[in-house]
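Biologist: I would like to go through this model and hear what stands behind each label you put on it. Please give me the cut-offs as we go.

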Amino acid sequence: MGNEFKEGTLDLANFIIEDLKFTVGDNLLKCVQCGMCTSTCPGAQHSNYNPRDMIEKILKGETSIIDDEDLWYCFYCYTCHSTCPVGNSPCQANQVLRQIKISRGEADAHLRPFLGFGYSFLNNGIGGIPSNFFPEMREDIGEDWWNFKCDLDDIRENLGLGPVIPPKETIDEVSTILKQAGFEKRLEEVKRIKDNEKVEKSTE
Ligand code: SF4
Ligand code: SF4
């Protein structure tokens with residue numbers, strides 16, 4: 001199915017319902033606009049993001065919601081998913097909307113900070129917090145977290161646990177799957193845009 005939807009119809013709602021990421025089917029259509037999702041949403045507490053409003057726009061076929069920058073304040077905690085009285089999932093609806101933007105190549109600015117996550121899967125076979133996040137996390141969470149992180153290998157060894165990074169054959173398997181699926185190519189595209197922007201900035 002394409003990414004273009006007719007205003008004022010259920011095209012967008014049906015597109016979301018049919019998406020593999022959306023696991024709650026037509027519960028999307030049962031939204032009673034109670035606002036429980038927004039009242040429990042941590043993203044909404046710290047931004048203008050409003051999951052109830054997002055669902056209302058989806059159901060009204062207001063496709064401008066796809067371009068709403070506030071959607072990017074959802075961080076997929078799934079609180080709305082577990083509290084919605086009709087079993088709807090604003091969280092997953094948000095994921096489908098963002099994917100539409102990503103597929104159109106209009107969300108690279110939002111993806112760039114997470115390039116490190118992608119390369120971690122590719123190179124280590126598992127996800128990992130990108131190192132560019134560390135300084136802020138250290139400031140926000142504190143020195144205890146930082147010390148724990150620095151000592152993690154020793155802590156794991158003392159507990160008789162293996163290293164965090166999986167064995168080479170596992171990494172190779174994951175890496176092959178990601179390459180075949182076009183994941184590496186996509187990472188390189190986002191990285192190229194990022195690098196070009198850096199060059200443009202330095203020549204201004
Ligand atoms: S909690 Fe569920 S029913 Fe209530 S507004 Fe949000 S999505 Fe709709
Ligand atoms: S998953 Fe997103 S929309 Fe749902 S409660 Fe968490 S931040 Fe809010």
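Biologist: Why are helix H8 and helix H12 called oblique to each other?

Modeller: In this predicted model, the axes of H8 (residues 115–124) and H12 (residues 168–180) cross at roughly 125 degrees and come within 6 Å. Angles under 35 degrees count as roughly parallel, over 145 as roughly antiparallel, 65 to 115 as roughly perpendicular and the rest as oblique. The value of roughly 125 degrees falls in the rest, so the pair is oblique. The axes are lines fitted to C-alpha atoms, for helices over the stretch in contact, and angles run from 0 to 180 degrees between N-to-C directions.

Biologist: Which residues of H8 and H12 meet?

Modeller: Phe-121, Leu-122 and Asn-124 of H8 meet Ile-171, Val-174, Ser-175 and Leu-178 of H12. Contact requires C-beta atoms, placed from the backbone, within 7 Å. By class, the residues of this contact are five nonpolar, two polar and no charged. Ala, Val, Leu, Ile, Met, Phe, Trp, Tyr, Cys and Pro count as nonpolar, Asp, Glu, Lys and Arg as charged, and the others, Gly among them, as polar.

Biologist: How are the residues and ligands numbered, and what confidence do you ask for?

Modeller: Residues count from 1 along each chain as its sequence is written, while chains are lettered from A and ligands numbered from 1 in the order in which they are written. Local features need pLDDT of at least 70 and side-chain atom pairs count only at pLDDT 80 or more, whereas totals for chains, interfaces and linings use all residues.

Biologist: What makes Tyr-76 partly exposed, and Tyr-78 exposed?

Modeller: A residue is buried with 20 or more other C-beta atoms within 10 Å of its own, exposed with 12 or fewer, and partly exposed in between, with C-beta atoms placed from the backbone. Tyr-76 has 13, so it is partly exposed. Tyr-78 has 12, so it is exposed. Tyr-76 sits in the loop between H4 and H5, and Tyr-78 is placed in the loop between H4 and H5 too. Neither is a glycine, yet phi is positive, at about 60 degrees for Tyr-76 and about 70 degrees for Tyr-78.

Biologist: What makes you say that helix H9 is hardly covered?

Modeller: Among the eight residues of H9 (134–141), the count of buried residues is zero. Just after H9, Gly-142 has a positive phi of about 115 degrees. Over the 204 residues of the chain, buried ones make up 20%.

Biologist: How do you know what counts as a helix, and how many are there?

Modeller: Helices are DSSP runs of H or I with at least four residues, strands are runs of E with at least two, and both are numbered from the N terminus. By that rule the chain has 13 helices and zero strands.

Biologist: Which residues come nearest to the ligands?

Modeller: A residue is near a molecule if its C-beta atom, placed from the backbone, lies within 6 Å of it. For ligand 1 there are 14 such residues, the closest being Cys-31, Cys-34, Met-36, Cys-37 and Cys-84. Helix H2 (36–40) and helix H4 (51–60) are the elements that give two or more residues to that shell. Ligand 2 also has 14 residues around it, of which Cys-41, Gly-43, Cys-74, Cys-80 and Cys-91 come nearest. H6 gives the most to the shell around ligand 2, with three residues.

Notes: Two residues are in contact if their C-beta atoms, placed from the backbone, lie within 7 Å.
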